[in-house]
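User: Please take a close look at one part of this model, the salt-bridge network and its surroundings. I should like one connected account that starts from a single ion pair and works outwards.

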Amino acid sequence: MADTELGTHEWWESYKETVNGDPEMEVRGHDKFSENFYVEIGDERVLLEMDGGEVENLVPNPTMNHQWSFGVEGDRETWEEFVQETPPAFNHEIIASHYRTAVRNEDGHLQLTGDNKRIFQHLRAFQRTLDLMRVAHNDGGS
């Protein structure tokens with residue numbers, strides 16, 4: 001497990017390095033995944049400005065002057081489950097988690113927001129980006 005707490009500045013910087021150094025992300029997102037999206041962990045929101053499959057900038061607490069296409073939200077406990085090296089069922093990947101929230105109206109899962117078309121146009125790269133949160137959190141595990 002990472003020495004830094006999920007969602008701290010140090011954690012996000014480590015995560016950025018993980019995404020930008022990931023060979024699979026280079027294949028999935030190279031020259032294609034340039035959509036900005038946010039991750040909301042409890043009351044804290046961070047905007048990820050993506051450029052060609054790399055995290056170009058991390059913007060804590062984005063304002064109306066920033067733009068994004070979509071986001072993913074959840075309480076801290078849900079995100080902590082998501083980044084576990086072996087996460088529990090339905091919090092192991094974004095679509096399964098979103099389904100539990102949006103369709104089954106269950107608590108304790110992640111929820112997608114924003115432009116669904118953009119989400120699904122970039123789903124594999126977006127999923128890989130989120131999965132790399134688990135890698136960064138577990139010091140390269142998973």
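Analyst: In this predicted model, the side chains of glutamate 80 and arginine 76 form a salt bridge, with 3.7 Å between the closest N and O atoms. Both residues belong to helix α3, and because they are four residues apart there, about one helical turn separates them. An α-helix has 3.6 residues a turn, so residues three or four places apart point the same way. Glutamate 80 is partly exposed, at 37% relative accessibility. Arginine 76 is likewise classed as partly exposed, with a relative accessible area of 24%; the limits of that class are 20% and 50%.

The pair does not stand alone. Salt bridges that share partners join Glu5, Glu44, Arg76 and Glu80 into one network. One of these bridges links arginine 76 to glutamate 44, at 3.9 Å from N to O. Since arginine 76 lies in helix α3 and glutamate 44 in strand β2, this pair ties together parts that are 32 residues apart in sequence. Glutamate 44 is partly exposed as well, with a relative accessible area of 41%. Side chains of opposite charge can pair when their charged atoms come close.

The contacts of arginine 76 extend this picture. Leaving out residues up to four places away in sequence, arginine 76 touches Glu5, Leu6, Ile41, Gly42 and Glu44. Glutamate 93, by contrast, is 17 residues from arginine 76 in sequence, and the C-alpha atoms of the two are 16 Å apart. Aspartate 75 sits in the loop between β4 and α3 and is partly exposed, with a relative accessible area of 40%. The C-alpha atoms of aspartate 75 and glycine 42 are separated by 4.2 Å, although the two residues are 33 residues apart along the chain.

A further ion pair involves glutamate 40 and arginine 45, whose side chains meet in a salt bridge at 2.7 Å, N to O. Glutamate 40 is buried, at 17% relative accessible area, because the cut-off for buried is under 20%. Arginine 45, at 22%, counts as partly exposed. Over the structure, the count comes to 13 salt bridges.

Glutamate 44 also takes part in the lining of open and enclosed space. The largest pocket, with a volume of about 190 Å³, is lined by Gly7, Thr8, His9, Trp12, Glu13, Glu44, Arg45, Val46, Leu58, Val59, Pro60 and Asn61. Two or more of the lining residues come from each of α1, β2 and β3. By character, the lining of this pocket divides into five nonpolar, four polar and three charged residues. Arginine 45, the partner of glutamate 40 in the salt bridge at 2.7 Å, is among the residues that line the largest pocket.

The search of the whole structure finds one cavity of 30 Å³ or more, and the largest cavity holds about 30 Å³ of space. Gly7, Trp12, Val39, Ile41, Glu44 and Val46 line this cavity, with β1 and β2 as the elements that give two or more residues to the lining. The lining of the cavity consists of four nonpolar residues, one polar and one charged.

Trp12 and Val39, both in the cavity lining, lead on to the largest nonpolar core. That core has 32 residues, and those with the most contacts inside it are Trp12, Val39, Leu48, Trp79 and Leu130. At least two core residues are supplied by each of α1 (9-20), β1 (37-41), β2 (44-51), β3 (54-60), β4 (70-74), α3 (76-82) and α6 (123-137). Helix α6 gives the most, with eight residues. In soluble globular proteins, nonpolar side chains tend to be buried together. Leucine 130 is in contact with Tyr15, Phe37, Val39, Val72, Trp79, Phe82 and Ile94, its neighbours within four places in sequence being left aside.

Ile94, one of these contacts of leucine 130, opens the way to helix α4 (residues 94-102), whose buried residues are Ile94, Ala96, Ser97, His98, Arg100 and Thr101. The buried residues of α4 pack against β4, α3, β5 (111-114) and α6. Helix α3 thus returns at the end of the account: α3 carries arginine 76, supplies at least two residues of the largest nonpolar core, and is packed against by buried residues of α4.

Definitions and conventions
Residues numbered from 1 in each chain as written. Predicted model: local features only at pLDDT ≥ 70, side-chain atom pairs only at ≥ 80, totals over all residues. Heavy atoms only, no water. Core = buried A, V, L, I, M, F, W, Y, C linked by side-chain atoms within 4.5 Å. Buried < 20%, exposed > 50% of the residue type's maximum accessible area, 1.4 Å probe, protein only. Contact = heavy atoms within 4.5 Å. 1 Å grid on protein atoms, 1.4 Å probe; cavity = no way out; pocket = protein on both sides within 12 Å on 5 of 7 lines; lining within 4 Å. Points joined across faces, edges and corners; volume = space filled by probe spheres on them. Nonpolar A, V, L, I, M, F, W, Y, C, P; charged D, E, K, R; others polar. Salt bridge = Lys/Arg side-chain N within 4 Å of Asp/Glu carboxyl O.
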